[in-house]
Amino acid sequence: MSLIKIARKGSRRSILRAAVLASVCIPGTALAGDLSGTITSAALDRPVRGATVSVEGSDISVVTDQDGRYVLYGLEAGDYVLTVSQPGYQSVTLQAAVPAEGAVTANGRIALANGDSGDAIIVTGARASRLLAIERKRSLAVVSDVVSSDGIGKLPDYNTAEALQRLPGVSVELDQSEPRYVTIRGVDSNLNLVTIDGNVVGIPEAEGRRVALDTIPSALVGSIEVIKTVTPDYDANAIGGAINIATPSAYDQSTPFTFLSARGMYGSKADKFGYGASAMHGEVFGNESQFGIVIGASYSKRFIDSDLVNPLSWEEIDSGIWAPTGYRMYDYSIMRERIGAIANLEWRPSDDMRVYLNTIYNEFTDHESRDQFDYDMYRGDVVISGNEVTYDEGRATREFRQNEQTQKLYNISPGVDWRLGNVEVKLNYTYAHAQEHTPVRDDIEFRTGSTNVSTILLGEAMPTFVSIDDALYDPSTFPLRRIRLRRETIDEDLHAAKADVQIDFENGTDSFVKFGAKFTDRSKDRDNYQEQWEPVDDVTFADTGAVLDPISGYYGGMYDFGPAMDYQGVLDYFFADNPGLLELDEGQTAENDVASDYKISEQIYAGYGMASLEFGDLTVIGGVRVEHTSGTYNAMAVRNSDDNGNPVDTFFQPLSLDKEYTHVLPSLALNYRPQPEVVIRAAWTNTIGRPNYSDVVPTFEEEDLEGEAGNPNLEPYTSMGLDFSAEYYPDADTVFALATFYKKIENPIYTQTLLDVTFAGIDLISLSQPQNADSGELFGIEANMTTRFSFLPEPLDGLGVSANVTYVDSSVDVPGRESDDLPFFRQSKWLAGGALFYEKGPLEARLAVSYRDAYLTGVGGSPTSDGYIGSRTVLDARLGYRIMKGIEIFGSVSNIGEEPEIDYQGIPSRISAREDYGVNADFGISAKF
């Protein structure tokens, strides 16, 4: 019997491209009897991934890979008829005469089944993005969801993280109203595997292992895959899932492409306009189209303002009466600048070899100016009268922080994919560098005495002040407490080398065995320097002459913030004009200089073996991955007692911790395709999560008597997952999917917050420290659908809808809290999203909503001190109009309802933070040439 094999099995069931044409080319130099070709989509002008190519009169069929390519090896000489099929597309037949020696090529184009996209019409915009995402989801061998760029080179949303929040089971964590970190099925974003083109990336931040996806401009992204059930060829640190950001290839499209975009941005709170632009060009060249290049660049600057109010540390001040014991108010003014660039080079000397060099550079600069007013009210007694609470001794602080920070990330990834007959070898090396440089982080504090009287009113959504001491608005009552000048640099260097070998079975199926090895070497260095300057004599805020007018309209007039501070004016007054008024606290400066520093060296040795076996409509993928982690973690411990517990003068003790652990992680996945339109999947997976860097090193930091400490005794997470999903693809624009999942997570890490404790000799209001819980469980159901109402009469046939909902029931066992019904950390019970869209002719419109339920962020000593982030519903809208072929003008509005972000303590009525954001608008023009 003739044998048929896919040329590039590394991506088993791949990308789709469609229309209806076949061409037979002259024999080449490959093995006798070979028949190969590329299937493209007429509607998208791209290769088709996952299309089935069948040989008529036999049981043999293969699936196109991510380049739309198929290969049939060792065919006997004769005439052949091939059928190309894909759900939602018209089937097409190709004819080829295979000679006794040599090779022939039969390429095909397939068209959408509804016939509204022939060769002369290319689908672009949101519909192109949706078609590509549905195609990719169907073709992958795992439970996944995908966001794809459209035909003019952009994702549906400007922010990469924001685009993902519209997927089922996915939510985002905000930073100053912008989506930044992605959470999959409620699992902490530190437990996600994030890759670019399948390669690991550096992590610039000091605290965790999560990657801030808003640092990567969406204009440089081709697609984003969210993998919810990993196979053994994925890295194991994927308890939440794996997020792969794919950058464009020159071979993605049949012709050279150039994308240009320019946009303006407006934030209602900042009342300022920002701007951005991007450009990308890709083309294939050479006499045999053997070379490909994509280069692109992106720039943006955005201005953000927000008001944040924190009613702090709720306590039961009398039987059944709870009230905040402090208040903190922030007024933020922020500028964010993003710079990105990619350069992807490829050499394809033959269909069986690909040599490439992928590079990406991202730079994110955050300039933050923050006025702050702190009021520690409960330093004496209280008097309660109905809903009014009077505090007789309060102390206030007026503070300003200037924070200027730049993060840089770049990846350089050379590699080669090489096929020798039925064996494919993939070799890759990645160098990744990440840096977070903070040249300025200055804090200026003026503080009153504890003599201020105030009364607050309870019973409203937020406690408000009935009366407040006039002295709190008098700058002359605020003597200088201290000035802290901080500088910090965090550097991470990562080297990763991997080899994958796949051997295809010669039995006319897509079965194969695969094995590989990977070595990752990561080093991270945090160097924090902090000078602490204190006054020699009393100098008040008023004395500096740096008092600005009160902040008007703060928090809609609900709170009186008082005077703002001229940051540069204060520094000039003390350091330039009156340097003798300050002295350096050398002891505290020395302690601050080492307290949060660390050096980490971590090596991961990994190997795996797996097989994918086809039994008719059933594909079974099973295997095992072994990962050994070896790490050295160095830090400086601040000590004020000897080994016997006797108090001594503060000293610093170097600590070096070595940790090693090995995990054996089997997995099994089933894919059943009883019909081309139906995919049923099941999976059993085992994954791990390594503790965050800052959690495992013995560091300690204190600010405003709130402390954070590391815990070198933490154990890594382990997770066992079970998944089941059913997917239905009746046409190219439509998917209906239902999935259930279960995770059993051992050693989950949570942040324990203790109030009124002493640590490192310092009396603290609170101490936050990571701890291992015993275990936790998640059980969830998620459903999603996307479809166009093409059955409606014109012009309503341009309407469509997408919707998803996820429900998760979770629990976690925390030492000392075994009797409490705690949800798993950062786990929302409900997630939901949807969009009503209209796409007809040159017009595109979308109205979208996303909802995230409340989730647990920190565990205290009792349920009354647990921390939560409250539920949030956000409404967005977008409108685009194609003014001519390839050119679109667009506008979008996000957070239409000005939805705040709310934190609470214990129960929703005890709000501990509420940050008000305004409406953000984007508008611009994009073009493809």
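The questions and answers below concern a predicted model and go through its strands, one buried serine and several backbone features.

Q: Which strands pair with strand 2, and which of them does so in the parallel sense?
A: Strand 2 pairs with strand 6 in the antiparallel sense over 4 bridges, and with strand 3 (residues 46-47), again antiparallel, over 2 bridges. Among the bridge partners, Leu-35 is matched with Leu-72 in strand 6, and Ser-41 stands opposite Arg-46 in strand 3. The parallel pairing, over 6 bridges, is with strand 9 (residues 103-110), where the partner of Ser-36 is Thr-105. The parallel partner is therefore strand 9.

Q: How many of the 8 residues of strand 2 are buried?
A: Strand 2 covers residues 34-41 and is largely enclosed by the rest of the structure. A residue counts as buried when its relative accessible area is under 20%, and by that criterion the number of buried residues in strand 2 is 7.

Q: Which residue in the turn between strand 2 and strand 3 has a positive phi?
A: Strand 2 and strand 3 form a hairpin, with 4 residues between the two strands. Most residues other than glycine have a negative phi. In this turn a positive phi of about 55° belongs to Asp-45.

Q: Is Val-71 buried or exposed, and how far in space is Val-71 from Asp-351?
A: Val-71 lies in strand 6 (residues 69-72), and with a relative accessible area of 3% this valine is buried. Although Val-71 and Asp-351 are 280 residues apart in sequence, their C-alpha to C-alpha distance is 9.7 Å.

Q: Which strands stand at the edges of the open sheet with the order 10-15-16-13-14?
A: This open sheet has 5 strands with mixed pairing. An edge strand has a single partner, so one side of it is left without a neighbour in the sheet. The strands in that position are strand 10 (144-148) and strand 14 (199-200).

Q: What angle does the direction of helix 1 make with that of strand 10?
A: Helix 1 (residues 125-139) packs on the sheet, where it touches strand 10 and strand 15 (223-227). The direction of helix 1 makes an angle with that of strand 10 of about 155°.

Q: Which residues make polar contacts with the side chain of Ser-306 through their own side chains?
A: Ser-306 is found in strand 19 (residues 291-318) and counts as buried, because its relative accessibility is 0%. Beyond four places away in sequence, the residues that Ser-306 touches include Lys-269, Tyr-330 and Asp-916. Its side-chain polar contacts, at 2.7 Å and 2.8 Å, are with Gln-176 and Glu-915.

Q: Is Glu-898 buried, partly exposed or exposed?
A: Glu-898 is in the loop between strand 49 (887-894) and strand 50 (901-905), and its phi is near 50°, a positive value in a residue other than glycine. Tyr-555, in the loop between strand 29 (547-550) and strand 30 (563-565), also has a positive phi, of about 55°, and is buried at 6% relative accessible area. For Glu-898 the relative accessible area is 42%, and the residue is therefore partly exposed.

Q: Which peptide bond is cis, with omega near 0°?
A: Most peptide bonds are trans. The cis bond leads into a proline, Pro-795, placed in the loop between strand 42 (775-788) and strand 43 (799-813). The bond runs from Glu-794 to Pro-795.

Note on methods
Residues numbered from 1 in each chain as written. Predicted model: local features only at pLDDT ≥ 70, side-chain atom pairs only at ≥ 80, totals over all residues. Heavy atoms only, no water. Buried < 20%, exposed > 50% of the residue type's maximum accessible area, 1.4 Å probe, protein only. Pairing = 2+ DSSP bridges. Contact = heavy atoms within 4.5 Å. Axes fitted to C-alpha atoms, helices over the stretch in contact; angles between N-to-C directions. Polar contact = N/O pair within 3.5 Å; in protein donor to acceptor, adjacent residues only side chain to side chain.
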